[in-house]
Amino acid sequence: MDSGMNLLPAQKEQARHGEHTFPLKQYITTLSDRYPSVNAHWHDEAELTLITKGSCTYHVHLETYDVGEGDLLFIPPAELHSINVAPNGYMQSRTYVFHMDFLGTNSADICALRYLTPISRHTIVLPCIIRKEHPAYPRLMELFQEMDRVYKETPPGYEMVLKALLLCVTAVLLPYKETESMRPQLEDEHTEKLKLVLEYIGEHYSEELSIPQLSRLCFFSEYHFMRFFKKYTGISCLEYIKNLRLEKAASLLAKGGKSVLDISLSCGFSNLSYFYREFKKKYGMTPKQFIREAPGLPYIPE
């Protein structure tokens, strides 16, 4: 089975991962100076990730984790998360994105009622970061490596095997679960406020956006909002907006059919010179070079 480069999504992700009847897909993510971050986002699927090279910082449900080669991560459905690498840093990871319904969340059996549905609803919280010293790590690595083999070779019945392996991953993590009551209510309130801001930016990125305008959505002062946003996403709000606009522009440039000027304006850049400068800084080439080279690029942002 082919694995694709991952998207750098923003806010609530709309992409479908895998097929409707087989909602599982493997992604390879590479972050470096050219692509230094995955913007804060969430989606209906869960994620199981192995950091294969380098190091990075994950922001998951308002918590910050420094992770490196060999670390495993489990991110449940609808959990806000983002990734950043340090300047001159590098990270590569392999991720399985899957819908919990694939494991049987919509069934009425004891596994769904006692375990899978509570995980999806965050009333059971599985460990987010599993490092080499964690008791579950050796078994999880065996399962992950077997998933890699089956996903690549696609033997007869591979879909059932992958489903069984993911159920095993869940079972291995369950003894180390937390409950929702262990999470401070303030964290959940802050998560919802951040999601609200990210959704608003995603819907209005082509328009003029300001810190006073966005801070009012959270009922925060401008100072508090700026500190709040950077603490929980790893970048400033203005940097986030610029990155989102550049990624939207890159996607439109790759599709073709529109001029650079029209694309820059439609993505919220009123100054063409500024757009050219920031685009080249992010992607290492001008928009026109990007158009020429897009068919051969291993990664196109969506």
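These are my notebook entries on a predicted model of one protein chain.

**Entry 1: the whole chain**

I started with the overall make-up. The protein chain holds 10 helices and 12 strands. Next I looked up how much of it is hidden: of the 302 residues, 51% are buried. I then turned to the surface, where the protein chain exposes about 14600 Å². Carbon and sulfur atoms supply 52% of that exposed area.

I also wanted to know how far along the sequence the contacts reach. I took the contacts between residues at least 6 apart in sequence, and 71% of them join residues at least 24 apart.

**Entry 2: how confident is the prediction?**

I checked the pLDDT before going on to details. The average for the protein chain is 87, and 88% of the residues score at least 70. Two stretches caught my eye after that. Residues 2-12 have a pLDDT below 50, yet in the model this stretch has 41 contacts beyond near neighbours in sequence. Residues 298-302 also fall below 50, and here I noted 16 contacts beyond near neighbours in sequence. I am keeping a friendly question mark beside both stretches in my notes.

**Entry 3: a salt bridge in helix α2**

The count of salt bridges comes to 10. I picked one to look at by itself: which residue does Arg139 meet in a salt bridge? The partner is Glu142, with 3.0 Å from N to O. Both residues sit in helix α2, which covers residues 137-153. They are 3 residues apart, or about one turn of the helix.

Are these two side chains out in the open or tucked away? Arg139 has a relative accessible area of 40%, so I wrote it down as partly exposed. Glu142 comes out at 48%, so partly exposed goes beside that name too.

**Entry 4: a network of salt bridges**

Here I found several charged residues tied together. Glu239, Lys242, Arg277, Glu278 and Lys281 are linked in a network of salt bridges. I followed two of the links.

The first link I followed joins Lys242 to Glu239, with 3.5 Å between the closest N and O atoms. Why are they about one helical turn from each other? Both are in helix α7 (residues 237-255), and they are separated by about one turn because they are 3 residues apart there. I looked up the exposure of each partner. Lys242 has 15% relative accessibility, so this residue counts as buried. Glu239 has a relative accessible area of 32%, so I listed this residue as partly exposed.

The other link I followed joins Glu278 to Arg277, whose closest N and O atoms are 4.0 Å apart. Is Glu278 buried or exposed? Glu278 is buried, at 6% relative accessibility. Arg277 is partly exposed, at 48%.

**Entry 5: a nonpolar patch**

I went looking for nonpolar side chains on the surface. Leu261, Leu265 and Leu272 form a nonpolar patch there, and together they have about 240 Å² of accessible area. I looked more closely at one of them. Leu261 is in helix α8, which covers residues 260-266. Its relative accessibility is 42%, so Leu261 counts as partly exposed.

**Entry 6: the surroundings of Gln92**

Where is Gln92? I found Gln92 in strand β9, which covers residues 91-98. The side chain of Gln92 has a polar contact of 3.4 Å with the side chain of Tyr90. I then left aside the neighbours within four places in sequence and listed what else Gln92 touches. The contacts are Ile28, Thr29 and Thr30, then Leu50, Ile51, Thr52 and Lys53.

**Entry 7: two positive phi angles**

My last search was for backbone angles. I noted two residues other than glycine with a positive phi: His122, near 70°, and Thr154, near 45°.

Which part of the chain holds His122? His122 lies in the loop between α1 (110-120) and β10 (124-125). With a relative accessible area of 13%, His122 is buried.

Thr154 is in a loop as well, the one between α2 and α3 (158-173). At 32% relative accessibility, Thr154 counts as partly exposed.

Methods: Residues are numbered from 1 along each chain as its sequence is written. This is a predicted model: local features need pLDDT of at least 70, side-chain atom pairs count only at pLDDT 80 or more; totals for chains, interfaces and linings use all residues. Side-chain values use heavy atoms; hydrogens and water are left out. Helices (H or I, at least four residues) and strands (E, at least two) are DSSP runs, numbered from the N terminus. Buried means under 20% relative accessible area, exposed over 50%, partly exposed in between (1.4 Å probe, protein chains only). Contact means heavy atoms within 4.5 Å. Accessible areas come from the Shrake-Rupley method with a 1.4 Å probe; for residues, only the protein chains shown count as cover. pLDDT is the predictor's confidence in each residue, from 0 to 100. Patches are made of residues with over 30% relative accessible area and no salt bridge: like charges are joined within 9 Å, nonpolar side chains (Val, Leu, Ile, Met, Phe, Trp, Tyr) within 5 Å. A polar contact is a pair of N or O atoms within 3.5 Å; within protein, one must be able to donate a hydrogen and the other to accept it, and residues adjacent in sequence count only if both atoms are side-chain atoms.
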